[in-house]
Structures are given as C-alpha cells and as structure tokens.
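This briefing is meant for a reader who is meeting the structure for the first time. Please look over the sequence and the model before turning to the notes.

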Amino acid sequence: MENNPALCKAIEKAIAASPQQRISFANYMELALYHPQHGYYTTGAGKIGGAGDFVTSPHLCADFGELLAEQFVNIWEIMGQKAPFHLLEMGAGQGLIAGDVLAYLQRQYPDLFEIVEYTIVEKSPAMKQYQQRRLTQWANRLHWRTWEEIAPESIVGCCFSNELVDALPVHQFLLENGQLKEIYVTTDFDSSFIEIAAEPSTPRIAEYFALTGIELLPRDAGATHLYPDGYRSEVNLAALDWLEKVAGCLKKGYLLTIDYGYPAQRYYSPQRHKGTLQCYYQHWHHDNPYIYVGKQDITAHVNFTALESQGEFCGLERVGFIQQGLFLMALGLGDRIAALSTTPGINISTALQRREVLHGLMNPTGLGGFGVLIQSKGLSEGEQKQILKGLKMPNS
Ligand SMILES: C[S@@+](CC[C@H](N)C(=O)[O-])C[C@H]1O[C@@H](n2cnc3c(N)ncnc32)[C@H](O)[C@@H]1O
C-alpha cells in the first residue's frame, strides 16, 4: 500500500538507532502522525473535511462552534462576566471552531467579544499555518502559543478540545501467557514494519490500570482470568501528561473535552479484545496502522475515566459527562432545527439539507454519541453550584 517513503525511512532510522532495534507503538504513532518533516499532520492541513480523510463536527456546519460559544457565554456569566476571559483551544485543526466562535460572539455577544482572549495551542506547524491564514480577520483577538509560553495558573475562563485526545499517541499492550506485554514495532527483512511483544517500556502502563480501576490480571495467583490470552488494547499516557499540563495552566474555570470514547469499564470490556485503534484514509476506516504510513490518520478512543481520575490528581473537579447530542440540544440545537419550519422564505430543499446536517451533530451512532467531559478548577462554592447550560436537561 502506498506509504510516504521519506517517513518510512525516518521510522526505520529511529528503529535502527534504538538499543534493541525496536520502538514502542506509541513512538511509532508519534512519528507516523507528527514527525517534524514527514508526519501525517505535518505534511499538510487538508486531511480533515470532505476532501480529506475524516470529518469532524465543525466541518459539518458553523452551528457546532456557535453552540459551543453559547456554553462559553454561560461560563462567563457564571464567573461574573469579568475580564480577562480566556478561551484556550487545543488542537484546532483547520481553525473552524475558532472562526465560528469569534464570529458568533461578535454578532450575538459583543460584550464578551470585546474582552475575550482566544489562544490556540497547535502541535502541527502545517495546521498552525493554515489556521493563521484562515483566521487573519481575528488577528487582534487570537494568539498561538506553545505550552512553554503559557504561564502556570494563568488561564481564567475555559480550555477545550474537540477530537484532540484521540489523536495522541497510545501505547499498545497484549496479554500473553498471563503476563502484561507491550507491543513494539521493528523492521522485517524486507523493511516492512512488524510487531513484537516484550516487557513494558515503562511501569506507567501497569499503573494506568490502577488509575482507572481495571484489574487486568488477577491479583491472586489461583483466581480466574477475566481477560483472555491475546487480549490487546491501548493505554493513553500522553493524555495523562496533557491533562496535567492543562490543569497546571488553568487558574480558574472549566475544561471541556469532546471526543469519542468510553468509561474504563466499557473501554476495557473483555469482549473488546482488539482494542479501539482506528485508521482513517479517504473516509475508509480500518485497523492497520502499517499501511498508508504517513498518509492516514491513526486514532484510539478516549478512556474518559482515566481523564477524570487524572484530573482529580491534578486538582480538577468533575463537573459532568454527557453525550454530544444532548449537550448541543441543551445549548439550543433543537431550537435551531425547529426554527427551520418557521424561517420565512426558506427554500424547502435548503431546509431539508440543513436539517440533515444538524441531525448529523446529534446522531447517537455518529458525532452525537461522542462524550463531553467537563471539569473545573478554582471556582467558588456559589459558582460550583450553578449547572452549566450544556448539562441542563429539558425542564431541569
Ligand atoms: C483530529 S484533529 C481535530 C481538529 C479540530 N479540533 C477539529 O475538530 O476539526 C487533531 C488536531 O490536534 C492537533 N494536535 C495533536 N496533538 C496535539 C498536541 N499535543 N497539542 C496540540 N495540538 C495537537 C493536530 O495537529 C490536529 O490539528
């Protein structure tokens, strides 16, 4: 299958340079996606959207960013409508959310627009360049920063991400003869990439299960194994490090994490014995990360329990967890759908098309089934008592 040859060479070089001629799967995924010259996300910004490999919510319509903006306004109100109010977007892709949020605030909530400070943290230089080109009109409202440039406890407002955590490199593990092994990548005689299982590269992999309340191997020698031999899945240590960084930068406010995933018990269900690794190439998804190397996205579902538990360690309170469809409905998606039948002069086929797009945001078997995890830090007792608009159920 067609690979990026320069990237394959770079990965082969990394393997050859490593002490045991093998790199962890996490290292492989990091190189495949983010190698500074040849990685999937480094070689261009056109990967997302209809002409790319996969579609995210903001690529369906501006309503996603606008409804998020409704949540930010509500957060600003809860926090006393003070300035400064920061929005920190992490992993902004083509910058659609930033454009939609800022345009909506300018139109509908000029008071917040006047004082908002919008910052993007973006790892891919190609994506960053694309964002800067797309968002020139907001240049006086918008900054790009690296984590090193953001001072600890400097953010007052809301940090958020959409489909960032699923794009972080994961370690893969395997249960073999009742032992926890890690998957490494090495090269075969014909230079193709192959996997080998060996001792874990870090004790953090075993510790991760304690963090999320999963007993992968029975503690007592004689006890029956819940997980079958050959069971494999992923562990997202990068997500824990990321969360620690965000929590460290947040002084007061909220963290919203939107992504696909499960709570730990569902994630590590014994039946899900092949894990959740997914690759996306021109809207085709499959589970082979060794084809289309550098030309396809590689992702893993998010373990929301791990984010909650790690958050507690880092001083974040769990505010709530809700499906994206319900979250957006609470923020006004239903009203937008209902308004279609009363919009004067709207053409019927435009109305039907728009209805389909809006339904796409809440379809429980698609984007609507994503999880929205909300955590907070530094809020007063009074602020903590207020229920966020996106978490309010009808009639609550
Ligand atoms: C799947 S895309 C999602 C883009 C966008 N949020 C959307 O919804 O369309 C993941 C984005 O996260 C960026 N990214 C990956 N790892 C990152 C990190 N550690 N810090 C900041 N951005 C990161 C990628 O370059 C890409 O822009």
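The notes below cover the nonpolar cores and one pair of helices.

This is a predicted model, in which local features need pLDDT of at least 70 and side-chain atom pairs count only at pLDDT 80 or more, while totals for chains, interfaces and linings use all residues. Residues are numbered from 1 along each chain as its sequence is written, and side-chain values use heavy atoms, with hydrogens and water left out.

**Nonpolar cores**

- The largest nonpolar core (buried Ala, Val, Leu, Ile, Met, Phe, Trp, Tyr and Cys residues joined through side-chain atoms within 4.5 Å, where buried means under 20% relative accessible area with a 1.4 Å probe, protein chains only) has 51 residues.
- Its largest share, seven residues, comes from α2, helices here being DSSP runs of H or I with at least four residues, numbered from the N terminus.
- At least three residues of this core come from each of domain 1 (5-33 + 170-237 + 270-286) and domain 2 (60-168 + 239-268 + 302-377), with bounds taken from an automatic or database domain assignment.
- A second, separate core has 48 residues, among them F85, L102, F327 and L361.

**Contacts of I11**

- Leaving aside residues up to four places away in sequence, I11 touches I23, Y28, L31, A32, F193 and V293, contact meaning heavy atoms within 4.5 Å.

**Helices α8 and α9**

- The axes of α8 and α9, as lines fitted to C-alpha atoms over the stretch in contact, come within 10 Å and cross at roughly 70°.
- The two helices α8 and α9 are therefore roughly perpendicular to each other, a term for angles of 65 to 115 degrees.
- From α8, R204, I205, Y208 and L211 meet L237, L240 and D241 of α9.

Technical notes: Buried means under 20% relative accessible area, exposed over 50%, partly exposed in between (1.4 Å probe, protein chains only). Axes are lines fitted to C-alpha atoms, for helices over the stretch in contact, and angles run from 0 to 180 degrees between N-to-C directions. Angles under 35 degrees count as roughly parallel, over 145 as roughly antiparallel, 65 to 115 as roughly perpendicular and the rest as oblique.
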